[in-house]
There are 2 protein chains.
Amino acid sequence: MTVKSADAPSDTAVTAWARLLRTSQTLLAKVEHGLKQEGLPPLVWYDVLLELQGEKTGLRQFELQERMLLTQYNLSRLLDRIAAAGHLDRRPCPEDGRGQIYRITPSGRALLRKMWPVYRGLISEHFAEHLSESDCRSLARLLSKLPG
Amino acid sequence: MTVKSADAPSDTAVTAWARLLRTSQTLLAKVEHGLKQEGLPPLVWYDVLLELQGEKTGLRQFELQERMLLTQYNLSRLLDRIAAAGHLDRRPCPEDGRGQIYRITPSGRALLRKMWPVYRGLISEHFAEHLSESDCRSLARLLSKLPG
DNA sequence: ATTGATTTTATGCATATGCATCAACCTTGA
DNA sequence: TCAAGGTTGATGCATATGCATAAAATCAAT
């Protein structure tokens, strides 16, 4: 049986890895906290609505899943919640009786408009203000080398 | 009432932000999945045990909390679970009757030794192999500019 | 057409997390 | 000594997540 390569990463790599995990967890916590303080739903609601905003004809659940980092069962129940809050319209799919087509509602668009200024401010405060434009480009370039 | 600055971050910054979130979530999911596949506990167990490994005299819960990114109530229950699995020793603190002192047990050290090769391999596979040494140094330097 | 495999989605149950609150203890200052 | 306030940690309850599996529809191959 072949085993995947399990080379020891360099100390430099482990340091970078640890900092990546710690930084992203801290930033995410701060942003989620900031949204909650403003009485807004979690970031993942924003992501779902943003994906659907561009899709005039709506999307199936499995299509959303391909675009996002969520398990099937989590997405299923997340869509339940967002739809229950009135931000999604869920209608049966004519070509495939198994699924529904999800579309953003006017209320969902309004939520996006309400969340963005807050989200944007949090990105500035906790992220952008600490980096130069050149830093941002470098960071994006480095991250783009990684899977995902 | 004064309002926090809510400048619009540049497109470059938003792109870097989005990539940071997406990459770290993907990587974390892959590593957690890899650990689980080997029958090992989640990464946060490793983090707790690693913090305690260096502390001969043990740590209080609030000291661990300062070193880690966990809420008080989550840490409380996490320590319950790790201790229940036999990897932590929990004894009353003589100077402060409210708390206990947590110390890693031999079983905990064994778990660290068992997890590290797997964890190390996952860091290599999903992270280090995609970056040069110079990339890693640049990434760590950029991330160190951010809070956390 | 019919069968069998695959895809898509939902859900019961166990576990984990978030929030509010409580209990126990410590510290300070009269 | 005592009271008031702060710190440390645990927990009941609601919500969310993970896992396994079920249900329903589609697709492939005869």
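How many salt bridges are counted between chain A and chain B? The count is two. This is a predicted model, and the report below takes the protein interface first, then the two DNA strands.

**The interface of chain A and chain B**

One salt bridge pairs K145(A) with D135(B). Their closest N and O atoms are 2.8 Å apart. Polar contacts across the interface come to 13 residue pairs, with both residues at pLDDT 80 or more. On the side of chain A that touches chain B, three elements give two or more residues: α1 (11-37), α5 (106-126) and α6 (133-143). Of these, α1(A) gives the most, with 17 residues. By class, that side of chain A holds 28 nonpolar, 14 polar and 14 charged residues.

The size of an interface is often given as the accessible area lost when the parts come together. Here the area buried between chain A and chain B is about 5300 Å². Carbon and sulfur atoms give 69% of that area. In chain A, the residues that lose the most area to chain B are W17(A), L69(A) and P147(A). Together they account for 13% of what that side buries. In terms of contacts, 56 residues of chain A meet 55 residues of chain B.

How are the two copies related? Chain A superposes on chain B by a rotation of 180°, with 0.0 Å of shift along the axis and an RMSD of 0.0 Å. The two copies are thus related as by a two-fold rotation axis. Of the interface residues of chain A, 98% are also interface residues in chain B, so the copies meet through the same surface.

**DNA strand D**

Around DNA strand D there are 20 residues. The closest are Y73(A), N74(A), K36(B), F62(B) and R98(B), a list that draws on both chains. Three elements each supply at least two residues of this surface: α4 (72-84) of chain A, and α3 (61-67) and α4 (72-84) of chain B. The surface has three nonpolar, seven polar and 10 charged residues.

Which part of the strand lies within 4 Å of the protein? Sugar or phosphate accounts for 64% of those atoms of DNA strand D, and bases for the rest.

**DNA strand C**

DNA strand C also has 20 residues around it. K36(A), F62(A), R98(A), Y73(B) and N74(B) come nearest. Of the strand C atoms within 4 Å of the protein, 61% belong to sugar or phosphate and the rest to bases. One side-chain approach is to the backbone: a polar side-chain atom of R60(A) is 3.1 Å from a sugar or linking oxygen of DNA strand C. The elements that give two or more residues to this surface are α3 (61-67) and α4 of chain A, together with α4 of chain B. By class, the surface near DNA strand C has three nonpolar, seven polar and 10 charged residues.

**Arginine side chains at the DNA**

The table sets out arginine approaches to both strands.

| Residue | DNA atom | Distance |
|---|---|---|
| R81(A) | phosphate oxygen, DNA strand D | 3.1 Å |
| R98(A) | base nitrogen, DNA strand D | 3.5 Å |
| R77(B) | base oxygen, DNA strand D | 3.0 Å |
| R77(A) | base oxygen, DNA strand C | 3.0 Å |
| R81(B) | phosphate oxygen, DNA strand C | 3.2 Å |

R77(B) reaches a base oxygen of DNA strand D, and R77(A) reaches a base oxygen of DNA strand C. R81(A) approaches a phosphate oxygen of DNA strand D, while R81(B) approaches one of DNA strand C.

Technical notes:
Residues numbered from 1 in each chain as written. Chains lettered and ligands numbered in written order. Predicted model: local features only at pLDDT ≥ 70, side-chain atom pairs only at ≥ 80, totals over all residues. Heavy atoms only, no water. Near = heavy atom within 4 Å. Polar contact = N/O pair within 3.5 Å; in protein donor to acceptor, adjacent residues only side chain to side chain. Helix = DSSP H or I, 4+ residues; strand = E, 2+ residues; numbered from the N terminus. Nonpolar A, V, L, I, M, F, W, Y, C, P; charged D, E, K, R; others polar. Contact = heavy atoms within 4.5 Å. Buried area = accessible area lost by both parts, 1.4 Å probe. Salt bridge = Lys/Arg side-chain N within 4 Å of Asp/Glu carboxyl O. Least-squares fit on C-alpha atoms with pLDDT ≥ 70 in both.
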